[in-house]
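Colleague: I should like to go through the charged side chains of this protein with you. Please give the reasoning behind each label.

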Amino acid sequence: MKRIITYGTFDVLHYGHINFLKRAKALGDYLIVGLSTDEFNKIKKKESYYTYIQRKMILEACRYVDLVIPESNWEQKRNDIKKYEADVFVMGDDWRGKFDSLSDLCDVIYLKRTPDISTTKIKLDL
Ligand code: C2G
């Protein structure tokens, strides 16, 4: 059972997120998503349209997601990787290099971001 872990806000879930989650899941058998809490979003200076509970419900409906856990700070990743026995840590390549320090614990992979889609773009276009 190859376990994959990733983190994010995943607000107003769109096909860019789904394309990411699909490829992340394809790296193994079980995908854990650390979903940014509303409080952590404030630290990330990110306003989200949906609350954590709403974003969690939507994410749990995604066929590629097996478990959603709260992401409440920047520092929890190492403990999470150990606690959930993750074999792979994966993020979109806008984060390329930022989490290489985790490579002593698991594989660290960055996947190409899906171009021309973001929650901000959706808000502006609407
Ligand atoms: N993503 C993507 N393509 C897009 C938009 C997002 O591949 N068009 C990916 C991002 O690279 C990220 C994931 O989808 O890996 C979630 O995106 P966000 O919710 O924007 O994540 P972010 O706010 O960057 O939070 O500790 C890590 C942070 O919580 C990451």
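Colleague: Why is K121 called partly exposed?

Modeller: In this predicted model, K121 has a relative accessibility of 34%. The class of partly exposed residues lies between the cut-offs of 20% and 50%, so K121 belongs to it.

Colleague: What makes K121 and D125 a salt bridge?

Modeller: Their side chains meet at 2.8 Å, N to O. The limit for a salt bridge is 4 Å between a Lys or Arg nitrogen and a carboxyl oxygen of Asp or Glu, so the pair qualifies. K121 and D125 are 4 residues apart in helix α5, and therefore about one helical turn separates them.

Colleague: Why is D125 called exposed?

Modeller: D125 has 56% relative accessibility. The class of exposed residues begins over 50%, so D125 is counted there.

Colleague: How do you know how far the model may be trusted in helix α5?

Modeller: Helix α5, residues 119-125, has the lowest mean pLDDT among the elements of the chain, at 94. Local features need a pLDDT of at least 70, and 100% of the residues of the chain reach 70 or more. The mean over the protein chain is 98.

Colleague: What makes K25 buried, and how is D66 classed?

Modeller: K25 has a relative accessible area of 17%. Buried means under 20%, so K25 is buried. D66, at 32%, counts as partly exposed.

Colleague: How do you know that K25 and D66 form a salt bridge, and what does the pair tie together?

Modeller: The N to O distance is 3.0 Å, which is within the 4 Å limit. K25 lies in helix α1 and D66 in the loop between α3 and β3, so the pair ties together parts that are 41 residues apart in sequence.

Colleague: Why does R78 with D104 count as a salt bridge?

Modeller: The closest N and O atoms of R78 and D104 are 2.5 Å apart, and the cut-off is 4 Å. The pair links helix α4, where R78 lies, to the loop between β4 and β5, which holds D104, 26 residues apart. R78 is partly exposed at 30%, whereas D104 is exposed at 55%. The whole structure has 7 salt bridges.

Colleague: Which residues form the negative surface patch, and what makes D29 eligible for it?

Modeller: The patch is formed by D29, E85, D87 and D107. D29, in the loop between α1 and β2, has a relative accessible area of 43%. Patch residues need over 30%, so D29 meets that accessibility requirement.

Definitions and conventions: Residues are numbered from 1 along each chain as its sequence is written. This is a predicted model: local features need pLDDT of at least 70, side-chain atom pairs count only at pLDDT 80 or more; totals for chains, interfaces and linings use all residues. Side-chain values use heavy atoms; hydrogens and water are left out. pLDDT is the predictor's confidence in each residue, from 0 to 100. Helices (H or I, at least four residues) and strands (E, at least two) are DSSP runs, numbered from the N terminus. Patches are made of residues with over 30% relative accessible area and no salt bridge: like charges are joined within 9 Å, nonpolar side chains (Val, Leu, Ile, Met, Phe, Trp, Tyr) within 5 Å. Accessible areas come from the Shrake-Rupley method with a 1.4 Å probe; for residues, only the protein chains shown count as cover. Lys and Arg count as positive and Asp and Glu as negative; His and the chain ends are not counted. The place of a charge is taken as NZ of Lys, CZ of Arg, CG of Asp or CD of Glu. Buried means under 20% relative accessible area, exposed over 50%, partly exposed in between (1.4 Å probe, protein chains only).
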